[in-house]
Amino acid sequence: MKYWLTTHWAPSIRDGRAKQHEGVWVQDGCREAIDPVTPGDLVFIYESKGGKLEEEIDSNGNKKAVRRELGRKGVVALLRVTGSPTE
C-alpha cells in the first residue's frame, strides 16, 4: 500500500461546502503521474486557500468572474483507492 497527496482548489461559491472532495485529478497530458496509483492505496486531499477564478455568462452575455470560498489550507479528506486510474 502506498500513500499519495493531491491538492484541490477551494470550492466555488456556487458549490459551497456541500460538494465533497473526491477523486484524484491531473492535468491533461499528465496521466503518467497517476499510473502508479493502485486499488488499496490511500490518498490525502489537501485543500488550497484559493484557486483559479471561474467564469460564468450572465443573461446579457457578459462574462463575470466567480470567486471561490476561502480554502481550509490543510488536509480535508483521506480516501482509499477502489479502482485503477481512468479518463
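The following exercises, each with a worked solution, concern a predicted model.

In this predicted model, local features need pLDDT of at least 70 and side-chain atom pairs count only at pLDDT 80 or more, while totals for chains, interfaces and linings use all residues. Residues are numbered from 1 along each chain as its sequence is written, and side-chain values use heavy atoms, with hydrogens and water left out.

**Exercise 1. The open sheet**

Determine the strand order of the open sheet and identify its edge strands.

*Solution.*

Step 1. Strands are DSSP runs of E with at least two residues, and helices are runs of H or I with at least four residues, numbered from the N terminus. Two strands pair if DSSP finds at least two bridges between them.

Step 2. The open sheet has 3 strands in the order β1-β2-β5, and its pairing is mixed. Its edge strands are β1 and β5, each of which pairs on one side only.

Step 3. Between β1 and β2 the pairing is parallel, over 6 bridges. Within this pairing, Thr 7 has Tyr 46 in β2 as its bridge partner.

**Exercise 2. The hairpin of β3 and β4**

Describe how β3 and β4 are joined, and state which residue stands opposite Glu 56.

*Solution.*

Step 1. The two strands β3 and β4 run antiparallel and are joined by 4 bridges. The hairpin has 5 residues between the strands, and Gly 61 takes a positive phi near 85 degrees there.

Step 2. Opposite Glu 56 stands Lys 64 in β4. These residues also form a salt bridge, with their closest N and O atoms 3.6 Å apart. A salt bridge requires a side-chain nitrogen of Lys or Arg within 4 Å of a carboxyl oxygen of Asp or Glu.

Step 3. Glu 56 is partly exposed because its relative accessibility is 28%; the classes are buried (under 20% relative accessible area), exposed (over 50%) and partly exposed (in between), with a 1.4 Å probe and protein chains only. Lys 64, at 44%, is also partly exposed.

**Exercise 3. The surroundings of Ser 12**

Is Ser 12 buried or exposed, and which residues does Ser 12 touch?

*Solution.*

Step 1. Ser 12 is located in the loop between β1 (3-8) and β2 (42-47). Its relative accessibility is 2%, so Ser 12 counts as buried.

Step 2. Leaving out residues up to four places away in sequence, Ser 12 touches Glu 54, Val 66, Arg 67, Arg 68 and Glu 69; contact means heavy atoms within 4.5 Å.

Step 3. The side chains of Ser 12 and Glu 54 share a polar contact of 3.1 Å. Such a contact is a pair of N or O atoms within 3.5 Å; within protein, one must be able to donate a hydrogen and the other to accept it, and residues adjacent in sequence count only if both atoms are side-chain atoms.

Step 4. Glu 54 also forms a salt bridge with Arg 68, where the closest N and O atoms are 3.7 Å apart. This pair links distant parts of the chain, 14 residues apart: Glu 54 is in strand β3 (residues 54-57), and Arg 68 is in the loop between β4 and β5. Arg 68 is buried because its relative accessible area is 14%, whereas Glu 54, at 25%, is partly exposed.

**Exercise 4. The backbone at Lys 73**

What is notable about the phi of Lys 73?

*Solution.*

Step 1. Lys 73 lies in the loop between β4 (63-66) and β5 (74-80).

Step 2. The phi of Lys 73 is positive, about 50 degrees, although this residue is not a glycine. Most residues other than glycine have a negative phi.

Step 3. With a relative accessibility of 52%, Lys 73 counts as exposed.
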